[in-house]
Amino acid sequence: MAKILLSKENLFYNLDIISKKAGSIEKVAVVLKDNAYGHGLIEIGKLASEYGIKKAVVRTIDDALKIEKFFDYIVILAEKSFHTYSHTFHIALNTCEDIERLPINSNVHIKIDTGMHRSGIKPSELEKAILGLSKRNIHITGVFTHHKGADELSTNFFWQKAVFSSIKENVKKICEQLSLPIPAFHSCNSAALFRTANFDEDFARVGIATYGYIDNADVFKFPKLKPVMSLWANRISTRTLKKGQSVGYGGKFSATEDMIVSNYDVGYGDGFLRLNERKTYTTPKGYKVLGRVSMDNLSLNTDDEKVCIFDDVNALAKVHDTITYEITTTLNPNIEKEIV
């Protein structure tokens, strides 16, 4: 079966750069949602804990329970079924309607919509939310927002930063009036952290940079990161394709000369999607994917026993006209993973 190799050295290299930029390990929360961007929730959680990271961000309580032993502080971004409680967990409040659904005495981070208009309470609802949570003895441990264009050359980033700065001051005033502790503030994702000259929030939620990628890194002169994941496949069979013969569904590739062709055990059922047939993909060692990718296998012009399909998804993302996130998160979570 195909296998994902996870480079501990590269992960720790990225975390070194991220921690330095944030100011300390304590100011880094690794984002492990969606199976750690396809890298493996448990595997990356364990490695991040070994490095010394104490904070994590996940999507659901079920994911939080799987990594609870690795972290002291876990932010849960999108949960509607509050079936358990832990002092370690901090639940995101995405709408005032959810206040009544939250467990009494739970820890909550209020999400503010500062311009993305996707989820989060309106700035005008801030006092209402704080009062509502306080009345139910719910601990407000954080206030946060999310940037919609930190990796793009636009004024949105600076505009949202200004809006959130105003929010922070309002939160402090309201909390002082109600004799409530000042919560933690966080707004920076990967790109926002590296675009912030003097990072002064309580922590940053670092997702894609943890795994070795940031969009438009060259534009902003971000530091060079190292991809953590590589995908490997094993040879199933080999044959000599005669000149004029084709391979795969639809016969989309025809040999222009006699050549060696092998079939390997990875396909779109594993999350390695069918390629845009107007473009070709070449593996790191220079082998070409021939014709259409099948559900469980693909063909390459080699007879190597094992082949690295990718060790950096930037090239593959360009073939699919998409972003690195989509390539890694699409991979089947059942693919075996090995830390190297």
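Visitor: Where is the place of N105?

Guide: This is a predicted model, where local features need pLDDT of at least 70, side-chain atom pairs count only at pLDDT 80 or more, and totals for chains, interfaces and linings use all residues. Residues are numbered from 1 along each chain as its sequence is written, and side-chain values use heavy atoms, with hydrogens and water left out. Helices (H or I, at least four residues) and strands (E, at least two) are DSSP runs, numbered from the N terminus. With those labels, you'll find N105 in the loop between β5 and β6.

Visitor: Is N105 buried, partly exposed or exposed?

Guide: The scale goes like this: buried is under 20% relative accessible area, exposed is over 50%, and partly exposed is in between (1.4 Å probe, protein chains only). N105 comes out at 37% relative accessibility, so the label is partly exposed.

Visitor: What is the phi of N105?

Guide: Most residues other than glycine have a negative phi. N105 isn't a glycine, yet its phi is positive, near 75°.

Visitor: And what is the positive phi of H117?

Guide: H117 is in the loop between β6 and α5. At 62% relative accessibility, H117 counts as exposed. H117 is not a glycine either, and its positive phi is about 55°.

Visitor: Which residue in β6 does A92 stand opposite?

Guide: Two strands count as paired if DSSP finds at least two bridges between them. Strand β5 (residues 89-93) and strand β6 (residues 107-111) have four, in the parallel sense. Across from A92 in β6 is H109.

Visitor: What order do the strands of the open sheet have?

Guide: There are eight strands in this open sheet, with parallel pairing. β8 (184-186) and β9 (204-206) are at the edges with a single partner strand each, so one side of each has no neighbour in the sheet. Neighbouring strands are turned by 30° against each other on average, direction ignored (axes are lines fitted to C-alpha atoms, for helices over the stretch in contact, and angles run from 0 to 180 degrees between N-to-C directions). The order is β8-β7-β6-β5-β4-β3-β2-β9.

Visitor: Which residues of β2 are buried on one side, and which on the other?

Guide: In a regular strand the side chains alternate between the two faces of the sheet. Strand β2 (residues 28-31) is covered on both faces. The buried residues are V28 and V30 on one side, and on the other A29 and V31.

Visitor: In β3, which residue is the bridge partner of V31?

Guide: β2 has parallel company on each flank: three bridges join β2 to β9, and three join β2 to strand β3 (residues 55-58). On the β9 side, V28 stands opposite A204. In β3, V31 is partnered by V57.

Visitor: At about what angle does α5 run to β6?

Guide: Helix α5 (residues 126-135) lies across β5, β6 and β7 (139-144). Helix α6 (residues 156-177) lies across β7 and β8, running at about 170° to β8. For α5 against β6, the angle is about 170°.

Visitor: How do α5 and α6 pack: what is the angle?

Guide: Their axes are 10 Å apart. L126, E127 and I130 in α5 meet I167, N170, V171 and I174 in α6, with contact meaning heavy atoms within 4.5 Å. The crossing of α5 past α6 is right-handed (the near helix is turned clockwise from the far one by less than a right angle). The packing angle is about 40°.

Visitor: In β14, what is the bridge partner of S262?

Guide: Strand β13 (residues 259-264) has five of its six residues buried, so β13 is largely enclosed by the rest of the structure. Strand β10 (residues 229-241) pairs with β13 in the antiparallel sense over six bridges, with T240 opposite I260. β13 also pairs antiparallel with strand β14 (residues 298-300), over three bridges. There, the partner of S262 is L300.

Visitor: What is the relative accessible area of D296?

Guide: D296 is in the loop between β13 and β14. Leaving aside neighbours within four places in sequence, D296 is in contact with Y264, D265, V266, G267 and D270. D296 still counts as partly exposed, with a relative accessible area of 46%.
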